[in-house]
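Thank you all for coming. I would like to walk you through one protein chain, beginning with the whole and then moving to its parts, so please keep the picture in view while I talk.

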Amino acid sequence: MIYVEYKFHELFTVEIIDPSKFPFNINFSRKRMENIKGPGLYFITIDGEIVFLGSYKTDNDIIADRWIRYMHTITCRGINIGFGNKKIEWFKKTYSPLFIRHNITINETEIVNERLRDTGYVTTRNIVKYCMSKWNILNNMDNNLNLSFHFFKPDAKDASEFVKDIASIKKHLIQQINPPCNSQYKIRQNTLNLQDAIDVSKKTF
C-alpha cells in the first residue's frame, strides 16, 4: 500500500472572481500539472482534522475527476457550487439558517438562477454544516489554507482486488473514522484523529 499526502497549496491556487457573489466567489485553478492516478481511497483534512473520506476506482487523474470539485464544495466558497434541483423555499429552510447564523448575506436571485440546479459541484448539508463550523478559516481563505488530500493506493499487484472490494472497504472505514462531511456521519460518535485513521486505513488493505 502506498500513502502520500498532497497539500492544497501544491495542487491549487485561489482566485477571487466577484466579491459581490460572496461566499461562492472563488475559482480554484490547477497548479500541479502532473497527474495523480488511482485507484485508491483518500481523506480530506483541514488543520489536521479529517473532513471527508472518498474513493476512486480508475487509473485516471484524480485531480481533474474529483479533487478540484471538492475544493468548490468542501470549502463552501467555489464559484461552481450548487445545491441541486430544488426550490428556493427548500433552500431557505435547509441552508439559510446555517448562513444567517454567521451573518452571511445570501443573494436569493443568484441562488435561484445559478445554484438551485446540478452544477456538477453539488454540496450537501453535512458539508455546509462543517464549513460553517470552520468559517473563521474559510471566510478569508487564501493559498495558505491548511488543507490536504491523503491518498492511499494499493500496490500494483493488488489493484484489481482492491477495486473489486472498494465499496466495502470504504464503508468499513467510514464507519470507523466517521468523517463529518460524509452522509453516514454519526453525530454521537467521535471522528478519529488523523494518525489513528491513517493506521486503520493501512491495516485495511
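Let me start with burial: of the 205 residues in the protein chain, 46% are buried, and I should say at once that what you see is a predicted model. The C-alpha trace spans about 50 × 40 × 30 Å along its principal axes. For a chain of 205 residues, a compact globule would have a radius of gyration near 17 Å, and because this chain has 17 Å, the two agree. If we take the contacts in the chain with a separation of 6 or more, 74% of them are between residues 24 or more positions apart. In terms of secondary structure, the chain holds nine helices and six strands.

Now please look at the sheet. In what order do its four strands lie? Reading across this open sheet, the order is β1-β6-β4-β5, and the pairing is antiparallel. The edges are formed by β1, residues 2-7, and β5, residues 49-56, each of which pairs on one side only. On average, neighbouring strands of this sheet are turned by 20 degrees against each other, if we ignore direction. Strand β4, which covers residues 40-46, runs antiparallel to β5 and is joined to β5 by seven bridges. To give you one pair to find on the screen, isoleucine 44 has phenylalanine 52, in β5, as its bridge partner.

Let us turn to the helices around this sheet. Helix α2, residues 62-74, lies across β1, β4, β5 and β6, and runs at about 145 degrees to β5. Helix α8, residues 159-177, lies across β4 and β5, and here the angle to β5 is about 165 degrees.

Finally, I would like to spend a moment on helix α9, which covers residues 194-204. Which of its residues are buried? They are Leu194, Ala197, Ile198, Val200 and Ser201. These residues cover an arc of only 165 degrees around the axis, and therefore they sit on the same side of α9. As a general reminder, an α-helix has 3.6 residues a turn, so residues three or four places apart point the same way. And what do the buried residues of α9 pack against? They pack against β1, β4, β5 and β6, the strands of the sheet we have just looked at, and also against helix α8. At the start of α9, a side-chain oxygen of asparagine 193 comes to within 3.3 Å of the backbone nitrogen of glutamine 195.

Terms used. Residues numbered from 1 in each chain as written. Predicted model: local features only at pLDDT ≥ 70, side-chain atom pairs only at ≥ 80, totals over all residues. Heavy atoms only, no water. Pairing = 2+ DSSP bridges. Helix = DSSP H or I, 4+ residues; strand = E, 2+ residues; numbered from the N terminus. Axes fitted to C-alpha atoms, helices over the stretch in contact; angles between N-to-C directions. Contact = heavy atoms within 4.5 Å. Buried < 20%, exposed > 50% of the residue type's maximum accessible area, 1.4 Å probe, protein only. Arc of directions from axis to C-beta. Polar contact = N/O pair within 3.5 Å; in protein donor to acceptor, adjacent residues only side chain to side chain. Rg over C-alpha atoms; globule rule 2.2 N^0.38 Å.
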